[in-house]
Protein chains: 4
Amino acid sequence: MDMSGNWFIESVYTDLNVMLKVREVFYSGSTAYQKVEVIDSELFGRSLVLDGKTQSTERDEHIYHETLVHPAMLCHPDPKQVFIGGGGEGGTLREVLCHNSVEMATMVDLDSEVVALCRQYLPNHHLGSFDDPRTNLIHEDARAYLQNTPDLYDVIILDLVDPLEGGTAALLYTQEFYALAKARLNSGGVLVTQSGPAGLLSFKECFTTIFNTLGTLFDHIKAVQVHVPAFQTLWGFTIVSDTAFPEVSEDDAEFELARRLSKKLKYLDGVSYSNMHSLLKFQRDGLRTEKRINKDSDPVFMI
Amino acid sequence: MDMSGNWFIESVYTDLNVMLKVREVFYSGSTAYQKVEVIDSELFGRSLVLDGKTQSTERDEHIYHETLVHPAMLCHPDPKQVFIGGGGEGGTLREVLCHNSVEMATMVDLDSEVVALCRQYLPNHHLGSFDDPRTNLIHEDARAYLQNTPDLYDVIILDLVDPLEGGTAALLYTQEFYALAKARLNSGGVLVTQSGPAGLLSFKECFTTIFNTLGTLFDHIKAVQVHVPAFQTLWGFTIVSDTAFPEVSEDDAEFELARRLSKKLKYLDGVSYSNMHSLLKFQRDGLRTEKRINKDSDPVFMI
Amino acid sequence: MDMSGNWFIESVYTDLNVMLKVREVFYSGSTAYQKVEVIDSELFGRSLVLDGKTQSTERDEHIYHETLVHPAMLCHPDPKQVFIGGGGEGGTLREVLCHNSVEMATMVDLDSEVVALCRQYLPNHHLGSFDDPRTNLIHEDARAYLQNTPDLYDVIILDLVDPLEGGTAALLYTQEFYALAKARLNSGGVLVTQSGPAGLLSFKECFTTIFNTLGTLFDHIKAVQVHVPAFQTLWGFTIVSDTAFPEVSEDDAEFELARRLSKKLKYLDGVSYSNMHSLLKFQRDGLRTEKRINKDSDPVFMI
Amino acid sequence: MDMSGNWFIESVYTDLNVMLKVREVFYSGSTAYQKVEVIDSELFGRSLVLDGKTQSTERDEHIYHETLVHPAMLCHPDPKQVFIGGGGEGGTLREVLCHNSVEMATMVDLDSEVVALCRQYLPNHHLGSFDDPRTNLIHEDARAYLQNTPDLYDVIILDLVDPLEGGTAALLYTQEFYALAKARLNSGGVLVTQSGPAGLLSFKECFTTIFNTLGTLFDHIKAVQVHVPAFQTLWGFTIVSDTAFPEVSEDDAEFELARRLSKKLKYLDGVSYSNMHSLLKFQRDGLRTEKRINKDSDPVFMI
């Protein structure tokens, strides 16, 4: 049985690892902030890995990025100013920029080296979105930036690495940070954050606590979930606002996506929109009964 | 990095394997028909593995078995006679028997040794359902049995191993077999079959061809899909009948499940019912455009 | 790439693991003292694994057992009373009993369950030696036994598991234990102990400290080394006595083995005897410069 | 159990793989001739991998290269003209050049890209030997070169990749090739070739056939063997000449190495010299009884 070669192994749960045959390693090293790998596999194409965790892959990043961006954008009637925290690959930026209403997308990613590697090696992720005149790319800590900027946003999209202990995003999932982000929202503003794994085996790791933490600050909250093959499980996202979310039927979703976007989406349509909003019983039970609140002094960490 | 110990490795896709740390191996050997392992892991509890493929685990088998059984049963107004093809662990039998209407569940599983191992080592799977007086357990090839029996059924549930080349179920997913099964349905009868992986990376392996094959024989067809952690991906099921399916709203589903069942389900409720029926865009596109028909002379095989 | 199935993974060095495809798991569980697995692989045949470490395999155990037993036995002119500490598989016992001079082999292995499993599953290891009338099998801690017995031995053979932290043999490699064992030697008596890995990457783990520790207690000391495929590296053994070792040429070794033994050996002959005594430069340098002494209060542990 | 990261997996035997945690991948790609990886690991340092097989590592390449070069060089009284076939890393060249007698070392390695990668990434392997004025580096197929050159050599050293089916060296281990190489030897000339794994589990793969094949062409033949940690087993080398080998005692070896070399060796001294010449019983039996002869029309291949 000849398995010779390079394999990327990722721990998905305690006691369960995924082994992915690697076709080529484009980059393997460390930036000032994190360990970075850009790998290529027959199965997933080009992928970005930060601190040992797959961030996105050429094959299925559209599922993650479309789900992160569009349901939140549809909660706002006319999003013009959008803030993106993290999002190094440029996939989130790409999805934001295809909204015709967007006038400026301010993307704040701490790690300029990661962004440079993504621009070089992941052209099918960003599709040139870094060169869009509406893009305002800044390399700074998202928390520091939001604390200091006088700007306000219609939609804030948090596309951050998972809250790993000692990782770059450990304090970007706390009540204090969310309060600070909320202060940068225009009236009617919407915030969405990627919220970690949402499958049966790991939905309590951070999905439920992020939801509960955001729920202490905003009047309206909902979660969506989707299966991302590269993450080996369901993935959660949390959307909040102080303004009530619009009622969006499957037909409405189709209509709005067609009206607002300059392209046709690959994953999302009316029924997929419905699917991602139909949370599973264990997810709903988990979100309802969660009591933990992430605080700077006691943040949640992914296992 | 001490990874010493027994690991169960399963190839999920070409080039991607899952490594599961094994706590104990209860059984490892071969029956007259297949390679069998009963293993126990911290993550999944006790699991049945046939020919190297995880069939079900203590931790999440309820997701698979509830999804296989109940949506199909709800398509029939009063299922009394139920046929189960395969289903060695007894989980499908267990779910069938909790329908108050059921008078007899005829389970035909080829491999008496597998069933004996499951009765011994997987008590939390079958929960004693093999001892229910309504159970009629037969060890024979399901195809031969259906060909020879004069009996008719309200619901036929096919809980078979995947169609592996040279495997025991290679000819239990073909047009000829389905025609033969259809002939054993009462008027208004419903057939459901597990239909293999339904996630983005593998939905075309057999899910779409099973759907297309069944579509050539029945007037009404639908598919449902669900994320099964132990299978590392979404999983598909196909339901067919010559009688139109009832319209079932989320509330209807909740009501019917409460009315018909002698227990509360762990996974399935109204919204989860809705979720599993909301197929994703790539799944719908795949089912719609599939042209292959599985025939005895040219059956589909899982990779 | 289908690697599906059970694999035994063993950490050989930090950052290097060996993956062995398992054909069958005969036993997997825990005794009162340790985790035990009896596995079968195409490559190695039946193998005993204790606390995650391969102890011996059907394919190559003769290399280990012949090297442990015979060079030490040849250091004694007429070994009649032999003590074996550990040695659960019965391979050491088997080699001892083929010496015509041996009148009694007292084997003290703590774990009766391991010995019972070996008797059942490893018939090609022990070859019936447990039933030899000269065998005196006792299940007790070897240290306690040697402390309490009034008996004296011509050769003491320590075939113990490696000194793992918290393992059963942690205090069977210390100066105090060796002093106690020395007190049970007849005049002219010889002691040998398996001494752990002796290859370039790990010879300092315990090989050199065991040698140095024994050197504080005995007038004469030598080490031998051999490549054991199942251990993935060279393996060391230390032989000590207060009586000078005989000069044994290659021809002498051949002659003595033929004269003393009731069978022909598979691995050992004159040239192999010479090979195992020709320590490599790094081994000699390591043994010469080692300063650590294993004490009960500060024993060496394998990584 | 967090094993996340890049691992290099190498199949050592059918059913046994070694997993090495990789610290950094310097290069991963393909040249005109083969797949090449230059990786760095905590355990082995920088390593060259060709077609999935580890060629040498910073940590232990000295064992392999000293054993390949010096025993053969000591078989010649005054080696001035040396030919190296293969040897891309420059380690063989380095060892050859430290012989004071050497006037020219002609190294013929097919793959200029591999040599360039080694010069860039493996400075501790070649230690500048490519820049030695006595080095004559040529990129051509070694067989074609030897066929066409009018030059004669005192020692020919074949440091080729293993004979993999379809690999670059499949026809560099055959009787026809060896006849051709023999024709390029000066009177008293010596040829040595790396001869593949020599451990109990794999010594018959190519070690014995290479020995038997060379034995048909030369009057004098001997093999040496050594444990190379990075190869996970013992490794064999075959030395031939039409002139009788000198008798070299341990003391002679020490003396000659000191007299002839411009540096002190790390692995080889008198006793290590003796060890590598003391072949194990199974190796001697295998070499003696081998009947296969590698021919161009039916070459041996490594598994």
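Biologist: In β2(B), which residue is the bridge partner of N17(A)?

Modeller: Good place to start! The partner is M19(B). Keep in mind that this is a predicted model. The pair belongs to a longer match: strand β2 (residues 16-21) of chain A and β2(B) run antiparallel and are joined by five bridges.

Biologist: How many residues does each chain bring to that contact between B and A?

Modeller: There are 31 from chain B and 31 from chain A. When you read such a contact, ask next which elements supply it. On the side of chain B that touches chain A, two or more residues come from each of β2 (16-21), β13 (233-241) and α9 (270-277) of chain B. The largest share there is six residues, and β2(B) provides it.

Biologist: And how does that side of chain B divide by residue class?

Modeller: The side of chain B facing chain A holds 15 nonpolar, ten polar and six charged residues. As background, the size of an interface is often given as the accessible area lost when the parts come together. Here we stay with residue counts.

Biologist: Let's turn to chains C and D. Which residue stands opposite M19(C) in β2(D)?

Modeller: That is N17(D). Again a strand pairing surrounds the pair: β2(C) and strand β2 (residues 16-21) of chain D are antiparallel, with five bridges.

Biologist: Which elements of chain C supply at least two residues each to the side that touches chain D?

Modeller: They are β2 (16-21), β13 (233-241), α9 (270-277) and α10 (281-289) of chain C. The contact as a whole takes 32 residues from chain C and 32 from chain D. On the chain C side, β2(C) gives the largest share, six residues. By class, that side has 15 nonpolar, ten polar and seven charged residues.

Biologist: I see β13 of chain C in that list. In what order do the strands of its sheet lie?

Modeller: To read a sheet, walk across it strand by strand. In chain C the order is β9-β8-β7-β10-β11-β13-β12, seven strands in an open sheet with mixed pairing.

Biologist: Why is one side of β9 and of β12 in chain C left without a neighbour in the sheet?

Modeller: Because β9 (135-138) and β12 (220-228) stand at the edges, each with a single partner strand. Across this sheet, neighbouring strands are turned by 15° against each other on average, direction ignored.

Biologist: Do you have one pairing inside the sheet to look at, and what is the bridge partner of G85(C) in β8(C)?

Modeller: Take strand β7 (residues 81-86) and strand β8 (residues 104-108) of chain C, which run parallel and share five bridges. Within that pairing, G85(C) has V108(C) as its bridge partner.

Key:
Residues numbered from 1 in each chain as written. Chains lettered and ligands numbered in written order. Predicted model: local features only at pLDDT ≥ 70, side-chain atom pairs only at ≥ 80, totals over all residues. Pairing = 2+ DSSP bridges. Helix = DSSP H or I, 4+ residues; strand = E, 2+ residues; numbered from the N terminus. Axes fitted to C-alpha atoms, helices over the stretch in contact; angles between N-to-C directions. Contact = placed C-beta atoms within 7 Å. Nonpolar A, V, L, I, M, F, W, Y, C, P; charged D, E, K, R; others polar.
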